[in-house]
Number of protein chains: 2
Amino acid sequence: MELDFKKLDGLIPAIIQDAGTGEVLMMGFMNAEACAATQASGEVTFFSRSRNKMWRKGEQSGHVLRVREIRVDCDVDTLLIRVDALGPGVCHEGYRSCFFRKLSPSGEAHVVEERTFDPKAVYGKDAR
Amino acid sequence: MELDFKKLDGLIPAIIQDAGTGEVLMMGFMNAEACAATQASGEVTFFSRSRNKMWRKGEQSGHVLRVREIRVDCDVDTLLIRVDALGPGVCHEGYRSCFFRKLSPSGEAHVVEERTFDPKAVYGKDAR
């Protein structure tokens with residue numbers, strides 16, 4: 001199975017879903033190397049576009065994403081990874097999911113989840 | 001709330017999740033116009049990179065995605081849209097979800113879902 005990395009300049013999106021609850025936790029990008037590292041280690045590893053390097057999710061926070069199952073879509077250009085999420089949350093702002101805000105019909109964003117941890121205590125200033 | 005369309009040349013990824021079951025159905029891309037159309041109509045509208053135009057999901061098949069809720073992530077560059085999915089499935093290959101294949105540890109893809117409709121009957125040759 002050859003994944004299609006061409007559409008996004010060497011990257012594919014990886015949707016991260018909690019295997020237990022079905023909650024969508026975050027989305028990240030992987031290059032081929034990060035995909036291979038994720039498969040080999042069983043821990044989700046992304047490629048950071050802003051820092052231009054691989055990063056194992058949780059390497060700083062300990063909030064590791066253990067792979068339960070990897071799904072691939074019909075066009076072979078997107079992954080859905082079902083995980084066991086260690087720790088209280090994946091979001092560098094201190095929430096369980098990065099999707100903690102809801103858009104109103106007028107386009108305003110409202111926080112609709114509760115913080116599950118103090119991001120400064122976990123990440124310090126340089127949150128991620 | 002200004003969404004960040006800059007990271008992907010004017011597009012943002014939109015993850016589509018069944019509001020009832022939590023199943024992740026597909027991922028598509030939206031430009032600002034498709035986002036606005038989705039908000040205004042209450043029906044998910046993507047921007048097709050291959051055809052370089054907007055398309056309302058279901059315009060051909062009738063398998064429309066009715067918006068229940070739009071979430072935005074911490075970096076304001078990804079949407080999670082919870083929907084009521086009309087019809088038997090969203091995938092142009094005839095499955096309920098586009099993520100109907102599982103990757104094995106060796107990287108092989110295996111179909112793990114049942115087809116829910118005949119894609120040829122719904123889409124003809126030019127499936128989408």
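This report covers the chain A to chain B interface, the salt bridges, helix α1 of chain B and a few single residues in a predicted model.

Residues count from 1 along each chain as its sequence is written, and chains are lettered from A, ligands numbered from 1, in the order in which they are written. Local features need pLDDT of at least 70 and side-chain atom pairs pLDDT 80 or more, while totals for chains, interfaces and linings use all residues; side-chain values use heavy atoms, without hydrogens and water.

**The interface**

Contact means heavy atoms within 4.5 Å. By that rule, 40 residues of chain A touch 41 residues of chain B. The size of an interface is often given as the accessible area lost when the parts come together. Here the buried area (accessible area, 1.4 Å probe, that two parts lose on being put together, summed over both) is about 3500 Å². Carbon and sulfur atoms give 58% of that area.

Polar contacts are pairs of N or O atoms within 3.5 Å; within protein, one must be able to donate a hydrogen and the other to accept it, and residues adjacent in sequence count only if both atoms are side-chain atoms. Between chain A and chain B, 16 residue pairs are in polar contact, both residues at pLDDT 80 or more. On the chain A side, the elements giving two or more residues are β1, β2, β5 (65-72), β6 (79-85) and β7 (101-103). Strands (E, at least two residues) and helices (H or I, at least four) are DSSP runs, numbered from the N terminus. The largest share of that side, four residues, comes from β5(A). By class, the side has 21 nonpolar, seven polar and 12 charged residues. Nonpolar covers Ala, Val, Leu, Ile, Met, Phe, Trp, Tyr, Cys and Pro; charged covers Asp, Glu, Lys and Arg; the others, Gly among them, are polar.

**Salt bridges**

Side chains of opposite charge can pair when their charged atoms come close. A salt bridge here is a side-chain nitrogen of Lys or Arg within 4 Å of a carboxyl oxygen of Asp or Glu. The structure holds 23 over all chains. Six of these salt bridges cross the interface of chain A and chain B.

| Salt bridge | N to O distance |
|---|---|
| A:Glu69 and A:Arg82 | 2.5 Å |
| A:Asp77 and A:Lys7 | 2.6 Å |
| A:Glu113 and B:Arg71 | 3.0 Å |
| B:Glu69 and A:Lys102 | 3.6 Å |

Burial follows relative accessible area: buried is under 20%, exposed over 50%, partly exposed in between (1.4 Å probe, protein chains only).

A:Asp77 sits in the loop between β5 and β6 of chain A, and A:Lys7 in the segment before β1, so their salt bridge ties together parts 70 residues apart in sequence. A:Asp77 is buried, at 7%. A:Lys7 is partly exposed, at 41%.

A:Glu69 in strand β5 and A:Arg82 in strand β6 of chain A are 13 residues apart in sequence. Both A:Glu69 and A:Arg82 are buried.

The salt bridge of B:Glu69 and A:Lys102 crosses between chains, from strand β5 of chain B to strand β7 of chain A. B:Glu69 is buried, at 16%, whereas A:Lys102 is partly exposed, at 33%. Salt bridges that share partners also join A:Glu69, A:Arg71, A:Arg82, B:Lys102 and B:Glu113 into one network.

**Helix α1 of chain B**

Helix α1(B) spans residues 32-41, and its buried residues are B:Ala34, B:Cys35 and B:Thr38. These residues lie on the same side of α1(B), because they cover an arc of only 105 degrees around the axis. The arc is taken over the directions from the helix axis to the C-beta atoms. B:Glu33 and B:Ala40 are exposed on the other side. The cover over the buried residues includes β1, β2, β3, β4, β5 and β6 of chain B. Just after the helix, B:Gly42 has a positive phi of about 75 degrees.

**Single residues**

B:Gln17 lies in strand β1 of chain B and is buried, at 3% relative accessibility. The side chain of B:Gln17 makes a polar contact with that of B:Arg82 (2.9 Å). Beyond four places in sequence, B:Gln17 has contacts including A:Gln17, A:Gly22 and A:Val24.

A:Ala19 lies in the loop between β1 and β2 of chain A. Its C-alpha atom is separated by 5.1 Å from that of A:Val83, 64 residues apart along the chain.

Most residues other than glycine have a negative phi. B:Asn52 has a positive phi, near 55 degrees. B:Asn52 lies in the loop between β3 and β4 of chain B and is exposed, at 59%.
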